[in-house]
Amino acid sequence: MNLPLRKIIHVDMDAFFASVEILDQPSLQGRPVLVGGSPQSRGVVCAASYEARKFGIRSAMPCAEAYRRCPQAVFLPPRFERYAEISQQVRQIFYQYTDLVEPLSLDEAWLDVTQNLMEVPSATWIAQRIRQEILSQTGLTASAGVSYNKFLAKLATGQNKPDGLTVVPPQKALDFLAPLPVGVLFGVGKVTGAKLVAQGIQRVRDLHRYSLAELENTLGKMGGQLYLYARGLDFREVTPRRERKSIGIESTFSQDLAHGPALAEELENLFVGLYKRLQGKQQQGRSFTLKVKFSDFTQITRALSQRQGPLSFEQMRCFAQEKLASLWQSSAEGRKIRLLGLSLGQLIHPSQEAARAENRQLQIFDFFPPAT
Amino acid sequence: MKIRIQKNILLEALQLILSISPKATSLQAIGNLLIETDANQVIIKATNFEVTFLGSFPAIIEKEGKACIQTAKLHNLARNFIASEVVIEATKQNWVLLQNGNTSLKLPGIDPDAFPPIEFKQLEQNFVLPSEELKLAIDRTLFAIGENESRKNLMGLNLEVIEPKSIRWMGADAFRIAQAITDLESEITAKGNIIIPKKSLNEVKRILDYAQGPIQLSFDENTFQIEAGKIYFKTRLIEADYPNLERILTAMGATEVEVPKGELTRAVRILNTLYDGDPNAVMKLTFMQDQIIVESQKLENGEGVDRIYCPYAGEEISIGLNIQFVLEALQVFESASEETILFNFSGSVQPFFIRTHAWPQFKTVLMPVKIKW
């Protein structure tokens with residue numbers, strides 16, 4: 001198959017949340033910094049500075065465990081508004097080079113620079129320029145990977161972090177991939193990894209021994225994907241503006257709560273948090289989901305949706321309060337609640353709504369008043 | 001009471017009444033069904049007061065009597081039975097014993113006398129119709145029937161005897177109308193019109209799938225009733241006046257365009273997918289020399305355009321329509337034998353008619369969306 005080769009750059013900000021905190025509080029420079037919950041909380045680490053990572057601390061590790069490993073670390077609560085602000089600044093740099101920017105999160109994005117606005121033929125040069133501009137404009141470092149597809153570009157970024165640049169040209173892709181552990185491939189987690197190891201597949205090169213059919217038989221659809229990845233193939237295009245399907249917020253309480261004023265207060269805090277997140281994105285939604293995790297870790301969700309127009313906060317609040325009350329009443333043992341989560345789906349963009357507002361669905365009755 | 005009934009017969013009966021017996025109700029009796037013995041058959045009854053069912057099913061009667069048992073529970077159990085025959089026995093203490101192959105169960109029933117009395121009587125207006133005709137009428141109009149509580153009179157199918165040999169079925173909400181006319185072989189004496197609640201129509205369809213052949217339909221001011229073989233079913237009517245939509249239905253535009261059905265359906269489905277089935281999404285049909293441009297609004301979640309070739313020689317005109325409404329209307333035409341459908345219109349903000357040569361007695365009207373793009 002002869003597909004035109006693309007020039008893809010993957011940019012990943014180094015320890016983004018923690019680096020922003022250090023940027024704003026220079027006294028933290030050189031100290032292990034963790035963004036997430038407090039050490040006494042049951043929260044998890046959102047981001048760890050490279051100094052903290054030396055103690056074996058990783059994202060998603062419980063804060064209590066992080067504290068055990070590094071009691072001298074500085075624990076800070078996340079400030080998402082600030083991270084979003086810098087993320088926007090970084091994205092503006094990307095847009096100077098190409099319109100084809102696909103953000104993965106606040107701190108990561110793919111760029112297709114095959115046809116770029118500067119008409120520069122070298123993607124490596126662009127990647128280098130972007131990294132320099134990010135540093136000079138924000139004071140933060142970023143790592144980048146350059147290759148001919150999204151998969152290889154992202155994998156390349158991870159090879160030389162922090163503040164690094166890795167280029168994987170087409171002729172070197174197989175040599176680059178061969179010695180890597182299969183766990184680096186997208187989609188290979190604990191379960192698939194264990195299945196692969198059981199078949200003697202430890203490195204990407206080991207996948208070459210298997211045909212497409214054999215891998216699909218063992219791993220289903222994922223097998224086909226791995227067959228392509230192992231050969232450096234990924235046909236996904238860089239899609240600008242990845243639409244968020246939902247916006248959510250959840251909180252694990254410091255202690256399990258019964259239905260009452262404390263739970264009501266936590267619910268209200270979550271609504272305030274959800275409101276702030278929505279304000280930043282100027283969005284509203286048509287469906288709302290309440291997630292409740294009980295002390296025994298069982299979880300239920302209750303959803304509310306409406307066909308036309310966005311849900312109001314008042315509607316969502318009433319719904320959540322009603323459902324929590326009825327769950328409490330129907331729970332024979334009066335199970336306490338460990339976690340509450342709120343999420344808003346079927347998001348509506350205001351500009352989209354404005355465009356739609358100009359449409360007017362005609363009715364039978366305003367056209368011909370019925371003679372009954 | 002002790003009876004033997006074939007498992008598949010029991011399951012068929014339960015499927016007919018499952019949605020009638022409410023699962024969660026403060027009135028225990030109506031979550032149950034009543035089984036009564038009658039010669040070499042059983043009569044099964046269910047009601048939720050809005051709709052009522054009575055059906056006779058073959059069974060071997062070993063001991064006469066009655067039993068009252070939770071409908072949903074019996075259905076869930078019967079689905080798991082393996083052997084072909086089910087023995088149902090009721091004790092004086094209202095226990096219900098079930099036997100299927102090696103499986104024996106004992107369930108608490110309720111006193112059969114606590115079940116509400118059910119009666120079917122001959123209603124004032126009545127006539128006979130082939131079950132297929134009734135089924136077609138429901139299938140072609142159901143999509144347009146309203147669900148908005150503020151327009152109660154549109155929340156049902158309007159059955160109207162328009163002539164002694166002609167019945168009109170109409171479903172409408174505030175934005176669209178579907179009308180089917182059934183011509184009868186012989187004259188009927190029934191007169192007037194009734195509004196059959198939309199939620200009862202699915203039960204009627206289930207009965208029509210089960211019982212083939214002619215159906216006895218009857219109605220009075222409050223009730224619509226059908227008798228299909230040994231099945232009796234009645235529903236309360238919506239007590240309201242159905243609006244007179246004749247002026248819209250007769251305002252069919254002079255411009256007629258014959259459009260390939262498959263291509264159009266495909267194009268509208270693509271736009272619907274683009275908007276993730278958004279119920280408010282709007283499309284634009286632009287009629288040009290020998291073609292129609294099917295186009296979406298340019299919004300943040302994308303845009304799409306398609307071109308369909310068809311004979312058209314009039315002035316260029318664009319008409320905005322709700323994507324879901326068009327798709328639901330087109331789905332009705334899928335079973336029509338013709339490969340094309342007909343559009344009739346007279347302007348971009350005038351009623352938009354969809355028809356087919358295959359069904360001259362059926363038409364659907366969509367009200368357009370006024371657009372500025």
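What percentage of the 373 residues of chain B count as buried? The value is 55%. The coordinates come from a predicted model, and the values below are computed from it.

## The two chains

Chain A has 15 helices and 13 strands. Buried residues account for 41% of its 372 residues. Taking contacts in chain A between residues at least 6 apart in sequence, 63% join residues at least 24 apart.

Chain B has seven helices and 26 strands. For contacts in chain B under the same limit of at least 6 apart in sequence, the share joining residues at least 24 apart is 66%. Over all chains, the structure has zero disulfides. Two cysteines can be placed by their accessibility: Cys70(A) is buried at 0% relative accessibility, and Cys310(B) is buried with a relative accessible area of 5%.

## Cavities

Searching the whole structure gives three cavities of 30 Å³ or more. The largest cavity holds about 60 Å³ of space. Two or more lining residues come from each of strand 1 (8–13), helix 4 (80–95) and strand 6 (108–112) of chain A. Helix 4 of chain A gives the largest share of this lining, four residues.

The lining of the largest cavity includes Val11(A), Asp12(A) and Met13(A), together with Ser87(A), Val90(A), Arg91(A) and Phe94(A). Also among the lining residues are Ser105(A), Leu106(A), Asp107(A), Glu108(A) and Ala109(A). By class, the lining divides into six nonpolar, two polar and four charged residues.

## Backbone features

In chain A, a cis peptide bond joins Lys161(A) and Pro162(A), with omega about -5 degrees. Pro162(A) is placed in the loop between helix 6 (150–159) and strand 8 (165–167) of chain A.

Two residues other than glycine have a positive phi: Ala15(A), near 35 degrees, and Asp290(B), near 60 degrees. Ala15(A) sits in the loop between strand 1 and helix 1 (16–24) of chain A. Asp290(B) sits in the loop between strand 19 (282–288) and strand 20 (291–296) of chain B. Ala15(A) is classed as buried because its relative accessible area is 6%, under the 20% limit. Asp290(B), with a relative accessible area of 38%, is partly exposed.

## Helix 7 of chain B

Helix 7 (residues 323–333) of chain B is mostly covered, with nine of its eleven residues buried. The buried residues include Ile323(B), Gln324(B), Phe325(B), Val326(B) and Leu327(B). Ala329(B), Leu330(B), Val332(B) and Phe333(B) are also among the buried residues of this helix.

The N-terminal end of helix 7 of chain B is capped by Asn322(B). A side-chain oxygen of Asn322(B) lies 2.8 Å from the backbone nitrogen of Gln324(B).

## Thr37 of chain B

Thr37(B) belongs to strand 2 (residues 32–38) of chain B. Its relative accessible area is 17%, so Thr37(B) counts as buried, the limit being under 20%.

The side chain of Thr37(B) reaches the backbone nitrogen of Gly65(B) at 3.0 Å. Leaving out residues up to four places away in sequence, Thr37(B) touches Met1(B), Ile3(B), Ile61(B), Lys63(B), Glu64(B) and Gly65(B).

## Two aspartates around strand 13 of chain B

Asp173(B) lies in the loop between strand 12 (166–172) and strand 13 of chain B. With 11% relative accessibility, Asp173(B) is buried. Its side chain makes a polar contact of 3.0 Å with the side chain of Arg176(B). Not counting residues up to four places away in sequence, Asp173(B) touches Ile364(A) as well as Ala144(B), Gly146(B) and Leu154(B).

Asp183(B) is in strand 13 (residues 176–183) of chain B. Asp183(B) is partly exposed because its relative accessible area is 49%, and a residue counts as exposed over 50%. The side chains of Asp183(B) and Gln361(B) make a polar contact (2.7 Å). Apart from residues up to four places away in sequence, Asp183(B) touches Lys165(B), Ser166(B) and Gln361(B). The C-alpha atoms of Asp183(B) and Arg168(B) are 8.9 Å apart, and the two residues are separated by 15 residues along the chain.

Definitions and conventions:
Residues are numbered from 1 along each chain as its sequence is written. Chains are lettered from A and ligands numbered from 1 in the order in which they are written. This is a predicted model: local features need pLDDT of at least 70, side-chain atom pairs count only at pLDDT 80 or more; totals for chains, interfaces and linings use all residues. Side-chain values use heavy atoms; hydrogens and water are left out. Buried means under 20% relative accessible area, exposed over 50%, partly exposed in between (1.4 Å probe, protein chains only). Contact means heavy atoms within 4.5 Å. A polar contact is a pair of N or O atoms within 3.5 Å; within protein, one must be able to donate a hydrogen and the other to accept it, and residues adjacent in sequence count only if both atoms are side-chain atoms. A disulfide is a pair of cysteine sulfur atoms within 2.5 Å. On a 1 Å grid over the protein atoms alone, a cavity is a set of points where a 1.4 Å probe fits but cannot get out, and a pocket is an open set with protein on both sides within 12 Å along at least five of seven lines; lining residues have an atom within 4 Å of a point. Grid points are joined across faces, edges and corners, and a volume is the space filled by probe spheres set on the points. Ala, Val, Leu, Ile, Met, Phe, Trp, Tyr, Cys and Pro count as nonpolar, Asp, Glu, Lys and Arg as charged, and the others, Gly among them, as polar.
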